[in-house]
Every structure is written in structure tokens, then in C-alpha cells.
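Biologist: I would like a close look at one part of this model, beginning with a single bond and then working outwards to what lies around it in the chain. Please take the answer slowly and keep it connected.

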Amino acid sequence: MGLFNRKSSKQQDEQVLQENDQKKKDKVHWSKRPANTAFKQQRLKAWQPILTPATVLPTFFLVGIIFVPLGGVLLWGSNQVKEFTIDYTQCEFLAPQTTFSPLSSSDYSFRLNSDSSPPAPTWQFMNDDTEPDLSRQNLCRVQFELPTEMKSPVFMYYKLTNYYQNHRRYVKSIDSSQLQGDAVSYSSIDGGDCKPVDTRDNKIVYPCGLIANSLFNDTFLQPILLNPSGSSGNQTYNMTSRGIAWSGESKKYGQTKYSASDIVPPPNWADRYPQGYTEDNLPDLTTDEHFQVWMRTAGLPTFRKLYFRNDDEAMPAGSYEIGIYMNYPVAPFHGTKSIVFSTVSFIGGKNPFLGIAYIAVGGACILLGLILTVRHLIKPRKLGDPQYLSWNRAPAN
């Protein structure tokens, strides 16, 4: 009996251990179970629309009725914008040096909403090797006819093509702390994000990086109205570079704390600073709005950036001349450079695509609504008809 009792006790202990192990396994298993709530157990109420002709057809017509007039308004607003573009890329090679000659028809375009078509612009190239300022030796003079007045505000842009400012390495080639005025150490700049325009001659490049080094450096002179009526001589149409950068853009920049002996200009700034930096001619990035505009990189390979503006005076009709000191090379990347004069409307600059897109979508919705309406009237279909279920259809022969 004693032996039997010992075996029974041992069996009971093993059974208890097995039950405890099973409880632990059950506890681990149920510990991963979501709480018994409507959200976690996916018992929330749901709404699913039933697409019927009574709901779908009015929706198509409503979208079309809204989109087509809206697209028409946007297209009309875009057509109110007056602008013209003159490509001066080949001025150095094709323009004569003693007289003016007309540009090719592919080098300019006018969208002025005028009854008369202006004549082709003309150009002349002048080279002065005796000019001590290297950035003002190559002058391209462009004359153009403006047949109709351009109401204020009037903006002048420079336009570049085939220029990929959105390249990842190009966009990252910048040191924000340096631009804000901090004297970033040599070890931090050397081999950092600004590489390969980081250091030169054992000095820090300021401002460093590919974006700053590739700053657009063609210089545009003020447009001159030639022999305006009621005036004894030429008249300058005054434009300014103040206010061309976005509001708040200057907060990204500050007066540098570097000493002039510790820094050098970027390689492509040699014409601007032929003798390097001195304490009296350090660049002030807080007021250089052309630099601020350039540093905001474009997302597409063809882009325009604001250079001049006139918010108060209209640009009267007449013959104009504008001088351009050419310094920026575009041949290495097979690009072009142009000047663009433009006004704005309530939708901003000229952009007919948005209006056309609205009209196209609205027209497609109306056309599709008409087709479905005719189909429904000719051969209506009963809602929920079981004969269209796959298992009710006769098998194909």
C-alpha cells in the first residue's frame, strides 16, 4: 500500500506540473489577443456606398458643371498675363559687333494679347578687353519692340534650361550654419557636405558648396525706353532687385564671423573678388537677394528666377534696349539662358495648363455622363439582378 500511495502521489505531482505548464502556455497565447473592444475586434459600423445610376450620373454632371466654368476662368486669367522671352545664349557668337541684327524666330516669343505682332528683336555684342572689371568685358545689347503697355507689377526673370538644380548631390552641397554667420571650423567643412567646394589653399571656402559656387553671375542693366514720345531723350524704366526673394528668406543668412584671412571666395567668384576677401569687402548674404533667390533650388531642369521687379509703374509701349554682361557659361551642360518680362493676374504668372486640365476633366465627366445616361435609358438594368451572377450564367461553348 505504501508503494502504491507513493506512485499515486508522484502521478498527482506530475499532473499538477502539466496543468501549470498548460496554464502558462495559455496565458502566453492569450496575452497577444487584442482587447475585446469594437475597434480592436473590427466591429465598428461601416458605410459602403451603393453605386446606382441615380447617384453616379448626377455626380458626373455636377463635376462637369463645376470644373468646366472654373477651368474657363483660370484659362482666361492666364491669358491676361503678358510676357515675352528673348534667348541671348548665342549673342557672343552670332551677334555682330558694329551694328544690330535680328534674332532668329526660335530665339524669342511674345504673348502680349496685342493685335499687332512686334518685329524681331535685334542684338549686338561688344567686347572690351581694357575694362579692369573682368565681369564687365562682354556686353550683349538687345533691342526689342513692345507694342502694348504692360501694367504693373512688371517682373523680369532669367531663364535657364537643362540645368538640374534638383540633383541630390547638388542640393546637399551646403552648410546652413556657415550661411547663418557661424564661423564653422576647418575640420567640419573639410570633407563635409560642401565637398568638393569646401576648402582651397588650406583655407575655408565661404560660402562653400556647389550651389553657391554656381551662382548665376550674368549682370542685367536697367531697360531703356528709346526716344519716347514727348521726351527729348531716352528714358530708363527703373526696376529694382529689392523684394525679389521670398519673405523671410533673409532669416537663413547672417553676417559672417569669419576673419577675411581665414576664408577664400568660391572658385567661380574670381571675377567678383579677383584679389580675394578683405575685411572691407566680405559678402553680405543678408542683403544679397540675388544670392538668396539662387540658393532656393528649382525642382525642374527648366526654370526661371526673379532678377528685377517694378511694382508701381507700368512698362509703356515703345522701343527698348537692355544690356547684359555675359559671364555665365551654359555650353558645358548644353543649356540656354533667356530674359523674360512678365506681368501677373489673379492666378499668378502665365500657366494655361491648369485651366486646360480643369476643362478637360469637366468635359470628360459630362461626356461620360451623357453616354451612361443614354445607355441606361435604352437598356436599363435592374439593381441587384441575380442573373448577372457568374454561377447563373450559361457556360460558354
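What is the torsion about the S-S bond of Cys91 and Cys140, and what handedness does the disulfide have?

Modeller: The model is a predicted one, and everything that follows should be read in that light. The torsion about the S-S bond of Cys91 and Cys140 is about 100°, so this disulfide is right-handed. The bond ties distant parts of the chain to each other, since Cys91 belongs to helix H3 (residues 91–94) and Cys140 to strand S5 (residues 138–146), with their positions 49 residues apart in sequence. The two sulfur atoms are 2.1 Å apart, and both Cys91 and Cys140 are buried.

The count of disulfides comes to two, and the other one joins Cys194 to Cys208 with an S to S distance of 2.0 Å. Here too distant parts of the chain are linked, although the separation is 14 residues: Cys194 sits in the loop between helix H6 (186–189) and S7, while Cys208 sits in the loop between S8 and H7. Cys194 and Cys208 are both buried. Counting bonded cysteines along the chain, the pattern is 1-2, 3-4. A further cysteine, Cys365, has a relative accessibility of 15%, and because burial means under 20%, it counts as buried.

The strands named beside the second disulfide lead to a small open sheet, in which three strands follow the order S7-S8-S12 with mixed pairing. Strand S7 (199–200) and strand S12 (263–264) take the edges and have a single partner strand each, so one side of each has no neighbour in the sheet. Strand S8 (residues 203–205) pairs with S12 in the parallel sense through two bridges, and Ile204 has Ile263 in S12 as its bridge partner.

From there the view can move to strand S6 (residues 154–160), where six of the seven residues are buried, so that the strand is mostly covered. S6 pairs with strand S13 (residues 303–310) in the antiparallel sense over seven bridges, with Tyr158 standing opposite Lys305 in S13. S6 is also joined to strand S15 (residues 337–342) by six bridges, again antiparallel, and in that pairing Met156 stands opposite Phe341 in S15.

Tyr158 deserves a longer look for its ring contacts. The model has 27 aromatic pairs, and one of them is the stacked pair of Tyr158 and Phe216, with 4.0 Å from centre to centre and 5° between the planes. Because Tyr158 lies in strand S6 and Phe216 in the loop between helix H7 (210–213) and strand S9 (219–220), this pair ties together parts that are 58 residues apart in sequence. Tyr158 counts as buried at 3% relative accessibility, and Phe216 counts as buried at 7%. Tyr158 also pairs with Tyr307, whose ring centre is 6.2 Å from that of Tyr158 and whose plane is at 75° to it, so this pair is edge-to-face. That contact links strand S6 with strand S13, in which Tyr307 lies, over 149 residues of sequence, and Tyr307 is buried, as is Tyr158. These residues belong to one aromatic cluster, whose members include Tyr88, Tyr158, Phe216, Phe220, Trp294 and Tyr307.

Charged side chains meet aromatic rings as well. Arg304 lies over the face of Tyr157, at 5.4 Å from the ring centre, and the charged end of Arg272 sits over the ring of Trp269, 5.0 Å from its centre.

It remains to place these residues in the nonpolar interior. In soluble globular proteins, nonpolar side chains tend to be buried together. In this model the largest nonpolar core has 63 residues, and those with the most contacts inside it include Leu160, Phe220, Phe291, Trp294 and Phe341. Phe291, leaving aside residues up to four places away in sequence, touches Leu179, Pro207, Ala212, Leu215, Tyr253, Trp269 and Leu285. A second core, separate from the largest one, has seven residues, among them Phe155, Ala245, Leu306 and Val340.

Notes: Residues numbered from 1 in each chain as written. Predicted model: local features only at pLDDT ≥ 70, side-chain atom pairs only at ≥ 80, totals over all residues. Heavy atoms only, no water. Buried < 20%, exposed > 50% of the residue type's maximum accessible area, 1.4 Å probe, protein only. Helix = DSSP H or I, 4+ residues; strand = E, 2+ residues; numbered from the N terminus. Pairing = 2+ DSSP bridges. Phe/Tyr/Trp six-rings, centres within 6.5 Å; stacked < 30°, edge-to-face > 60°. Lys NZ or Arg CZ within 6 Å of the ring centre and 35° of its normal. Disulfide = S-S within 2.5 Å. Core = buried A, V, L, I, M, F, W, Y, C linked by side-chain atoms within 4.5 Å. Contact = heavy atoms within 4.5 Å.
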